[in-house]
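Trainee: I should like to take a close look at a single part of this model. Could you take me through one helix and the aromatic residues associated with it?

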Amino acid sequence: MDSIDKLLAQLETEYKEVQPQQQSKSATAKSFIPSSPKSGYFMDNLLAEIKADFAEEDAAIELKKQQELEQERIRQEQLKAKQLEVLKVQAKEWLAKVDPLSSEGLWFERFAESYPSKLEAAIEYLRSNE
């Protein structure tokens, strides 16, 4: 039993030595944690600024994407317009060359009945044969 008493006494001594050290460490750690309401307000403001910066950056990225999409749409429309102009020239040439009494000319006359003009019909005909 004597050895158990010695062991308990030794543990008690070590505990008493360690406890003041732990208390001073926790006091030091607490001093680094902002405890005043002003520091909480500062952190909230800082976080709000960071959040606003990210939102602004996201909005700028989204605006840039929208502008790029709009530019691409305009470019596609311009390309289609150029292609249509080329097709109009080809259609006019084809209409000038086609013999209205040939089988192709007679077929085209029937085909063109559903279009507002022979030129539009010829454009559609050439477009479908590409």
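Mentor: A residue is called buried at under 20% relative accessible area, exposed at over 50%, and partly exposed in between. The model is a predicted one, and the part chosen here is helix α3, which spans residues 103-112. Phe-111 has a relative accessibility of 21%, so it counts as partly exposed. The buried residues of α3 are Gly-105, Phe-108 and Ala-112. Viewed down the axis of α3, these buried residues fall within an arc of 60°, and therefore they line one face of the helix. On the face turned away from that buried side, α3 carries the exposed residues Ser-103 and Arg-110.

The aromatic contacts can be followed from here. The count of aromatic pairs comes to eight. One of them joins Trp-107 and Phe-111 in a stacked arrangement, with 5.0 Å from centre to centre and 15° between the planes. Both residues belong to helix α3 and are four residues apart, about one turn of the helix. Trp-107, at 42% relative accessibility, is partly exposed. Phe-111 also pairs with Tyr-115: the ring centres are 5.2 Å apart and the planes stand at 40°, so this pair is tilted. Planes under 30 degrees apart would count as stacked, and those over 60 as edge-to-face. Tyr-115 is itself partly exposed, with a relative accessible area of 27%.

These residues belong to one aromatic cluster, formed by Trp-94, Trp-107, Phe-108, Phe-111, Tyr-115 and Tyr-125. Within this cluster, Phe-108 is one of the buried residues of α3, whereas Trp-107 is partly exposed.

Technical notes
Residues numbered from 1 in each chain as written. Predicted model: local features only at pLDDT ≥ 70, side-chain atom pairs only at ≥ 80, totals over all residues. Heavy atoms only, no water. Buried < 20%, exposed > 50% of the residue type's maximum accessible area, 1.4 Å probe, protein only. Helix = DSSP H or I, 4+ residues; strand = E, 2+ residues; numbered from the N terminus. Arc of directions from axis to C-beta. Phe/Tyr/Trp six-rings, centres within 6.5 Å; stacked < 30°, edge-to-face > 60°.
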